[in-house]
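Here is a brief report on one protein model and its ligand. It is written for readers who want the geometry and the cut-offs side by side.

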Amino acid sequence: MEIKAISGKLSKIQVDAIIIGYFEGMENLTATISGIDKALNGVITELITQKEIKGKVNEVNIIRTLNKLPASRVAIVGLGKRNNLTPEKVRTATAAVLRQLRKQGALDIATAALGMDIAGISSEQSAWAIAEGAILGLYSYRKHMTGDPDYEEVKQLTIIEANEAKLDGLKAGIHKGEITAEACILTRDMVNEPSNYMTPSSMAATAKNLAEAYGLKINILEREQMQELKMGALLGVSQGSDRPPKFITLRYHGKESEKIDVALVGKGITFDSGGISIKPSDGMGEMKGDMAGGASVMSAISAIARLKEEINVIAVIPATENMPSGSAFKPGDILTSMNGKTIEIISTDAEGRLILADALAYTKTFDVKYIIDVATLTGACHIALGDVCTGVFTNNQKLADKIVAAGNNTGEPMWQMPMFDVYKELNKSDVADIKNTGGRWGGAITAAKFLGEFVGETPWAHLDIAGTSTLEKDRGYFLRGATGIPTRTLISFILSLVKKTGK
Ligand code: BES
Ligand code: MN
Ligand code: ZN
């Protein structure tokens with residue numbers, strides 16, 4: 001789908017459909033809508049009077065124009081109350097109307113700059129939200145289906161704006177929206193991909209392709225090098241699998257200075273069977289998505305590189321399977337992590353924190369300002385927050401505040417969880433420095449406390465996406481399957497740092 005912005009009038013353009021927004025309780029129609037309404041002999045006014053058009057977010061009405069306008073259809077999409085408009089509502093509405101139009105076979109579509117100059121939304125923000133809503137809402141994962149879908153893909157989406165002075169802002173928004181949405185879609189594709197395709201080696205290959213395409217530095221450690229670095233926790237998890245582990249580091253150098261502003265660390269378990277502490281078979285297939293954290297940090301750093309931001313970022317992804325076998329690690333084993341801490345294994349299914357322990361210790365060997373790790377870490381977080389909010393755990397309130405704000409801006413809600421010191425007690429072991437589960441209660445927090453042992457004083461936030469990385473049914477522009485969360489939040493957080501430090 002090509003997305004562009006041109007100056008013109010919706011009532012003059014010959015396309016399969018034009019999209020206009022309508023606010024709940026709108027007293028007077030805008031000049032654009034009333035012009036279109038007149039051309040259609042007042043059908044829009046009629047639908048409003050009959051309350052078929054109410055303006056609720058997501059409400060879509062499509063009217064055939066029967067040659068009364070150059071466009072074949074007019075699609076009226078609800079945007080809720082005018083004063084409460086947010087970019088998130090623009091994303092959601094755009095996705096809803098485009099999905100409906102795609103179903104009807106509209107391929108060439110024009111839209112008003114939905115939300116522009118309303119409730120503080122700039123031209124750039126409007127186009128950014130439209131582009132994200134369009135790309136994310138029309139996403140489908142059909143790679144392994146040999147047949148064709150029962151619809152054709154939308155070919156063109158054109159934002160039409162009469163005021164030429166707005167075009168630069170709209171074009172900039174489209175450019176950024178395409179980059180952030182494509183990053184999110186890369187995450188979705190990787191997470192949806194089954195584990196016989198998305199192996200540690202193919203994660204490494206994907207990282208290599210991204211590095212080549214966007215000029216990132218890449219370093220991939222093989223098992224021998226992990227042994228040299230004494231990554232005993234990661235190697236322990238990996239030892240039951242026939243597929244070799246890969247330790248991936250991507251580096252984006254966007255400004256002078258060696259200091260790394262943000263280190264992103266992502267869990268890359270390409271399949272989590274639970275290992276010897278094997279999971280029940282029902283739903284085990286979902287554990288193909290246990291590398292969602294790793295996918296999201298790869299995608300996010302690529303977007304920052306594409307946007308050429310003046311900031312230094314690294315992404316660190318420990319990638320391995322967690323499998324049961326004759327060589328697998330076992331409950332009762334004691335592993336030694338890269339920073340020398342010994343870990344008693346209570347459950348081989350608490351493997352994410354083990355590979356992250358070494359990844360965080362490795363990240364600490366760089367000069368980094370902030371560390372953010374992202375992981376499908378605990379079922380407990382899914383139970384606590386459902387599939388709505390990502391759990392945020394931190395040792396630094398300012399950092400958490402920035403991440404939560406970024407999540408709100410992107411429509412990926414985040415909720416901070418407590419980190420009281422008493423939770424740490426639950427991870428105490430009788431035979432080693434620490435054990436790898438703190439028990440059932442507060443499981444998301446004790447897991448975060450475990451990770452905290454490997455970051456020390458560095459400002460750090462841990463995002464538990466076990467509940468939010470996939471959805472069981474569609475919600476707005478998030479579709480069943482992988483959501484791509486928290487890719488856009490990470491990008492937005494990093495962009496907020498760039499703005500602050502100034503260019
Ligand atoms: N990958 C799982 C967590 C998970 C569960 C992600 C559901 C997505 C959906 C993780 O490795 C795991 O197995 N965690 C255990 C920890 C327990 C053994 C302490 C869990 O949450 O049950
Ligand atoms: Mn597990
Ligand atoms: Zn796992």
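## An enclosed helix

In α14, the buried residues are Gly443, Ala444, Ile445, Thr446, Ala447, Ala448, Lys449, Phe450 and Leu451. Buried means under 20% relative accessible area, exposed over 50%, and partly exposed in between, with a 1.4 Å probe and protein chains only. Helix α14 spans residues 443-452, and nine of its ten residues are buried, so the helix is largely enclosed by the rest of the structure. Helices (H or I, at least four residues) and strands (E, at least two) are DSSP runs, numbered from the N terminus.

This is a predicted model, in which local features need pLDDT of at least 70, side-chain atom pairs count only at pLDDT 80 or more, and totals for chains, interfaces and linings use all residues. Residues are numbered from 1 along each chain as its sequence is written, chains are lettered from A and ligands numbered from 1 in the order in which they are written, and side-chain values use heavy atoms, with hydrogens and water left out.

## Ligand 1

Which residues come nearest to ligand 1? Of the 15 around it, they are Lys279, Asp290, Asp349, Glu351 and Gly379. A residue is near a molecule or strand if one of its heavy atoms lies within 4 Å of it. By class, the shell divides into three nonpolar, five polar and seven charged residues. Here Ala, Val, Leu, Ile, Met, Phe, Trp, Tyr, Cys and Pro count as nonpolar, Asp, Glu, Lys and Arg as charged, and the others, Gly among them, as polar.

Polar contacts of ligand 1 are tabulated below. A polar contact is a pair of N or O atoms within 3.5 Å; within protein, one must be able to donate a hydrogen and the other to accept it, and residues adjacent in sequence count only if both atoms are side-chain atoms.

| Ligand 1 atom | Protein partner | Distance |
|---|---|---|
| oxygen | N or O atom in the side chain of lysine 279 | 2.8 Å |
| nitrogen | polar backbone atom of leucine 377 | 3.4 Å |
| oxygen | backbone N or O atom of glycine 379 | 2.7 Å |

On its own, ligand 1 has 520 Å² of accessible area, and the protein covers 76% of that. Accessible areas come from the Shrake-Rupley method with a 1.4 Å probe; for residues, only the protein chains shown count as cover.

## Strands

Strand β6 covers residues 156-161. Six of its six residues are buried, so β6 is largely enclosed by the rest of the structure. Gln156, Thr158 and Ile160 point one way, Leu157, Ile159 and Glu161 the other way. In a regular strand the side chains alternate between the two faces of the sheet.

β6 has parallel partners. Strand β1 (residues 2-7) pairs with β6 over six bridges. Glutamate 2 has glutamine 156 as its bridge partner in β6. Strand β5 (residues 108-112) pairs with β6 over five bridges. There, isoleucine 109 is matched with leucine 157. Two strands pair if DSSP finds at least two bridges between them.

Elsewhere, an open sheet of three strands runs β12-β13-β17, with mixed pairing. Its edge strands are β12 (334-336) and β17 (434-435), each pairing on one side only. Strands β12 and β13 (residues 342-344) are antiparallel and joined by three bridges. Leucine 335 stands opposite isoleucine 343 in β13.

## Single residues

Serine 126 sits in helix α4 (residues 123-137). Its relative accessible area is 0%, so serine 126 counts as buried. Leaving out residues up to four places away in sequence, serine 126 touches Val90, Ala113, Leu114, Met116 and Ile121. Contact means heavy atoms within 4.5 Å.

Lysine 54 lies in the loop between α2 (43-49) and β3 (60-64). Lysine 54 is partly exposed at 42%. Beyond its neighbours within four places in sequence, lysine 54 is in contact with Tyr22, Phe23, Glu24, Gly25 and Glu59. The C-alpha atoms of lysine 54 and glycine 80 are 8.6 Å apart, with their positions 26 residues apart along the chain.

Asparagine 58 is also in the loop between α2 and β3. Phi of asparagine 58 is near 90°, a positive value in a residue other than glycine. Its relative accessibility is 39%, so asparagine 58 counts as partly exposed.

Lysine 230 has a positive phi too, near 60°. Lysine 230 is in the loop between α7 (223-228) and α8 (232-238), and is exposed at 61% relative accessible area.

The peptide bond from isoleucine 485 to proline 486 is cis, with omega near 5°. Proline 486 belongs to the loop between β20 (481-482) and α15 (487-501).
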